[in-house]
Amino acid sequence: MAGEDRLAGSRDAALSHVAYVDYNASAPIRPEAAAAMLEALRLPGNASSGHLLGRQASELVARARAELADLLGCTPQELIFTAGATEANNLALRTASPSHGLLIVSAVEHPAVLTTARALADEGFCDLAILGVDSDGRVQLRDLQAALDSGSPALVSVMAANNETGVINDMITIGTMVHAAGALLHTDATQLVGRVPLELSAAPVDLLSLSAHKFGGPQGVGALFMRRGLPVGHRPLLQGGGQERGWRAGTLNVAGIAGAGAAAAAAHQHLADEQLRVSRLRDRLETSVLAAVPGARVNGASAPRLPGVTSLTITGAPADAVLSAMPHVAASDGSACSSGALTRSHVLLAMGHTDDEADCTIRLSLGHATTDAEINFVISELTSAVPRVRAAMYVP
């Protein structure tokens, strides 16, 4: 026990000296979410059981579903809880891609969408069209229209906001075009949920995927919004019991779901204030770095972006070296979902970046708990690290 206490103490001390700017990978859990999870963990009941303790667990799930629905602007009955956005993306694409129809996705989608789409095409289940993007990483509407006109479009999947750059697509226009062509629209909104307002009841979106840990909930919990009355077949990924109206078999993760709901409620309550405050912090970070670091530029700067997300290409400073030179800053050299991958960012390459530019790009992402002091520290560390890395890279 004493050893465990010392370990916990050293871990807490280490974390207190790290500036965390990797919210796109995973946001720190909100206190409201942690409290809700602890409450749920005290209940031994299975949410599918009919006895008192089971009904209490079921009530926590129902409350969380309502809290998440409030954040999204939909009805609770339109939400299916999953283990995360990856599962939700798989379920959406495999459910809504009809046999021998055309599936259209963008070139900058998360691997959970791109890999699934390619697998469906490889299996002969559907045809696949991949849309290019402009230099800011946004889907080009003329290319989308050409793809919609080219065959029998059945499903279009375009992410609401990119996980590497924070660039936001015009989902209203895209949805209107997709519906006019008689197709359905799915969006991976993992990075957007809890950061900007959503009103799915009025949006031309048929399916939407999310993960709770992006807005301060626990890891391992997500959801798929499926608009009521969609003309899709019943194709669950998991076979078994009848949980989630038959769409997702398996005992419900009550504690995780409760935490997701509480995080959604907190994000909804503080959304306007957090959006403004985090945007100001991000803008100050960018302005300071661009002024102090020659050869630095912001990717997607001329497009609408999420508050708190900046993708910086810094000429002559490989991202891995920069991050190693500032060990007390928790940031990313791309998507954490691709950590350890040998390939360069497919997002940056699709935007027209060279291999060297992609290698010299870091992502800093802020969120609900980011402080002014952290941003001051990040600015100091980054503007100090880059000259040292460039000097070390110089070969006479």
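**Figure 1. Helix α5 in the predicted model, its span and its packing.** The expected span of a helix is taken as 1.5 Å times one less than its number of residues. For helix α5, which covers residues 111–122 and so has 12 residues, this gives 16 Å, and the C-alpha atoms at its ends are 16 Å apart, in agreement with that expectation. The structure shown in this and the following views is a predicted model. The residues of α5 that are buried are Ala112, Val113, Leu114, Thr116, Ala117 and Leu120. These buried residues pack against the helices α4 (85–96) and α10 (346–350), and also against the strands β3 (102–106), β4 (127–131), β5 (153–157) and β6 (184–188). After the helix comes Gly124, a residue with a positive phi near 75 degrees.

**Figure 2. Phe125 and its contacts, in the loop between α5 and β4.** Phe125 has a relative accessible area of 23% and is therefore classed as partly exposed, since buried is kept for values under 20%. When neighbours within four places in sequence are left aside, Phe125 is in contact with Ser97, Pro98, Ser99, His100, Leu120 and Arg235. One of these partners, Leu120, is itself among the buried residues of α5. As a reference for distance across the model, Phe125 and Pro28 are 97 residues apart in sequence, and their C-alpha atoms are 39 Å apart in space.

**Figure 3. Helix α12 and the elements that cover its buried residues.** Helix α12 runs over residues 372–393, and its 22 residues reach 32 Å from the first C-alpha to the last, which is close to the 32 Å expected at 1.5 Å a residue. Its buried residues are Glu374, Ile375, Val378, Ile379, Glu381, Leu382, Ala385, Val386 and Val389. The elements that cover these buried residues include the helices α8 and α9 (319–325), together with the strands β1 (19–20), β10 (309–314), β11 (329–330) and β12 (361–365).

**Figure 4. Val322 of helix α9, with its contacts.** Val322 is buried, with a relative accessible area of 1%. Beyond residues up to four places away in sequence, Val322 touches Ala317, Leu382, Ala385, Val386 and Val389. Among these partners, Leu382, Ala385, Val386 and Val389 are listed with the buried residues of α12, and α9 is one of the elements that cover the buried residues of that helix. Val322 and Arg235, which are 87 residues apart in sequence, are 46 Å apart in space from C-alpha to C-alpha.

**Figure 5. The largest cavity and the residues that line it.** A search of the whole structure finds two cavities of 30 Å³ or more, and the largest cavity has a volume of about 150 Å³. Of the 15 residues that line the largest cavity, Gly194, Arg195, Glu274, Gly367 and His368 are the closest to its centre. Sorted by class, the lining comprises seven nonpolar, four polar and four charged residues.

**Figure 6. Glu244 and Arg245, with positive phi values in the loop between β8 and α8.** Glu244 lies in the loop between β8 (222–226) and α8 (254–292), and it has a positive phi of about 50 degrees although it is not a glycine. Arg245 is placed in the loop between β8 and α8 as well, and its phi, near 55 degrees, is likewise positive in a residue other than glycine. As for accessibility, Glu244 is buried at a relative accessible area of 6%, whereas Arg245, at 46%, counts as partly exposed.

**Figure 7. Asp355 in helix α11, with its contacts.** Asp355 is found in helix α11, which covers residues 355–359, and with a relative accessible area of 38% this residue is partly exposed. Not counting residues up to four places away in sequence, Asp355 touches Arg344 and Leu349. Asp355 and Gly194 are 161 residues apart in sequence and 33 Å apart in space, C-alpha to C-alpha; Gly194 is one of the residues closest to the centre of the largest cavity.

**Figure 8. Cys126 and Cys360, two buried cysteines.** Cys126 counts as buried at 6% relative accessibility, and Cys360 is buried too, with a relative accessible area of 11%. A search of the whole structure finds zero disulfides, a result that rests on a cut-off of 2.5 Å between the sulfur atoms of a cysteine pair.

Conventions:
Residues numbered from 1 in each chain as written. Predicted model: local features only at pLDDT ≥ 70, side-chain atom pairs only at ≥ 80, totals over all residues. Heavy atoms only, no water. 1 Å grid on protein atoms, 1.4 Å probe; cavity = no way out; pocket = protein on both sides within 12 Å on 5 of 7 lines; lining within 4 Å. Points joined across faces, edges and corners; volume = space filled by probe spheres on them. Nonpolar A, V, L, I, M, F, W, Y, C, P; charged D, E, K, R; others polar. Helix = DSSP H or I, 4+ residues; strand = E, 2+ residues; numbered from the N terminus. Buried < 20%, exposed > 50% of the residue type's maximum accessible area, 1.4 Å probe, protein only. Contact = heavy atoms within 4.5 Å.
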